[in-house]
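Here is a short set of exercises to work through with the model open beside you. Try each task before reading its solution.

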Amino acid sequence: MKTKKQLNLSAQETNKLIAAENRKFFSENGIFAVNIIGSPGCGKTSILEYIVNHFDGNFAVIVGDVKTALDSDRIIQSGHKNAYAIETGGGCHLTANMISQTLEEMDIKNMDYLFIENVGNLVCPSSFDLGENLKIAVLSIPEGDEKVRKYPSLFLRAAAVIINKIDLLGLMDYDIKRVKSDCLAHNPNVKIFETSAKTGKGFDQWFQFLKEQRK
Ligand SMILES: Nc1nc2c(ncn2[C@@H]2O[C@H](COP(=O)(O)OP(=O)(O)O)[C@@H](O)[C@H]2O)c(=O)[nH]1
Ligand SMILES: [Mg+2]
């Protein structure tokens, strides 16, 4: 009988293999894939809705949640048809295989970007590679300013951090300087953006970054 540890290792190894296939697929088809990771409620879907309304690129969206297609419905309702839901049925993160199977259903013609909203969680999604080009961590002001210190694994791997709900800064105790220095302590090359999906603040810089990264 396999031990729990061996089973975990095998799941990770399988994931790595499929992630490599996804990465090859993205590269061969000119798709820049972005894995968006953050707590439930930090604003991941709101950021995607803002993208739908303001980003001038061809893209598709995959949204992962434990249950429901509520978030992909929000994307479709905001005017973007190319949005797909993955229900993990209990899993706390997306896997490379879930992405691979969803890609088979998708129309990838003219797709330059693929935005993937991972299951809301600061821990599990960070260690499951989906084959993406970019991991983005999303924080938000109401969560409190100690999350980078508490959940380091994501911040060691994310190329960029979005601090969302910046419109609420000043309404609650949040030491944004400390958060930025915690991010930089984990990854000195990390890019940090301050956004509000409500007002649109900070999105120009983040869109510019996405376009530069795709090049
Ligand atoms: N004030 C403010 N509220 C936001 C912002 N972004 C998202 N929200 C709100 O935060 C809640 C959770 O957002 P949602 O996008 O569903 O978060 P998700 O669970 O990470 O996908 C919703 O009520 C949003 O309207 C923001 O930048 N500012
Ligand atoms: Mg969401």
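**Exercise 1. A strand in the middle of things**

Which residue of β4 does I62 stand opposite? Then describe the surroundings of strand β2.

*Solution.* First, the ground rules: this is a predicted model, in which local features need pLDDT of at least 70 and side-chain atom pairs count only at pLDDT 80 or more, while totals for chains, interfaces and linings use all residues. Residues are numbered from 1 along each chain as its sequence is written, chains are lettered from A and ligands numbered from 1 in the order in which they are written, and side-chain values use heavy atoms, with hydrogens and water left out.

Step 1. I62 stands opposite I116 in β4, and A60 stands opposite L114 in that strand. Helices (H or I, at least four residues) and strands (E, at least two) are DSSP runs, numbered from the N terminus.

Step 2. Strand β2 (residues 59-65) is joined to β4 in the parallel sense by 5 bridges; two strands pair if DSSP finds at least two bridges between them. With β3, β2 also runs parallel over 5 bridges, and there G64 stands opposite I86.

Step 3. Now look at the two faces of β2: F59, V61, V63 and D65 point one way, A60, I62 and G64 the other, and all are buried. Buried means under 20% relative accessible area, exposed over 50% and partly exposed in between (1.4 Å probe, protein chains only). Since 7 of the 7 residues of β2 are buried, the strand is largely enclosed by the rest of the structure.

**Exercise 2. The whole sheet**

Find the strand order, then say which helices lie on the sheet.

*Solution.* Step 1. The order is β3-β2-β4-β1-β5-β6-β7, an open sheet of 7 strands with parallel pairing.

Step 2. At the edges stand β3 (83-87) and β7 (191-194); each has a single partner strand, so one side of each lacks a neighbour in the sheet. From one strand to the next, the twist averages 20°.

Step 3. Helix α4 (residues 96-105) lies across β2, β3 and β4 and runs at about 145° to β3. Axes here are lines fitted to C-alpha atoms, for helices over the stretch in contact, and angles run from 0 to 180 degrees between N-to-C directions. Helix α8 touches β1 (32-38), β4, β5 (134-140), β6 (160-164) and β7, and its direction makes about 165° with that of β5. Contact means heavy atoms within 4.5 Å.

**Exercise 3. Two helices meeting**

At what angle do α2 and α8 pack, and which residues make the contact?

*Solution.* Step 1. Helix α2 (residues 44-54) and helix α8 (residues 203-214) pack at about 80°, with axes 12 Å apart. They are therefore roughly perpendicular, a label for angles of 65 to 115 degrees (under 35 is roughly parallel, over 145 roughly antiparallel, the rest oblique).

Step 2. From α2 come I47, Y50, I51 and H54, and from α8 come F203, W206 and F207.

Step 3. By class, this contact has 6 nonpolar, 1 polar and no charged residues. Ala, Val, Leu, Ile, Met, Phe, Trp, Tyr, Cys and Pro count as nonpolar, Asp, Glu, Lys and Arg as charged, and the others, Gly among them, as polar.

**Exercise 4. The magnesium site**

Which protein atoms are donors of the magnesium ion (ligand 2)?

*Solution.* Step 1. The donors are T45 (OG1), D71 (OD) and E117 (OE), at 2.0 to 2.2 Å from the ion. Donors are N, O and S atoms within 2.8 Å of the metal (3.2 Å for Na, K and Ca); water is not among the atoms, so sites may look incomplete.

Step 2. Along the sequence, the spacing is T-x25-D-x45-E. T45 in helix α2 and E117 in strand β4 (residues 113-117) are 72 residues apart, a pair that links distant parts of the chain.

Step 3. T45 and E117 are both buried.

**Exercise 5. A loop residue**

Is L94 buried or exposed?

*Solution.* Step 1. L94 lies in the loop between β3 and α4.

Step 2. Its relative accessibility is 0%, so L94 counts as buried.

Step 3. Beyond neighbours within four places in sequence, the contacts of L94 include G64, I86, I116 and E117.
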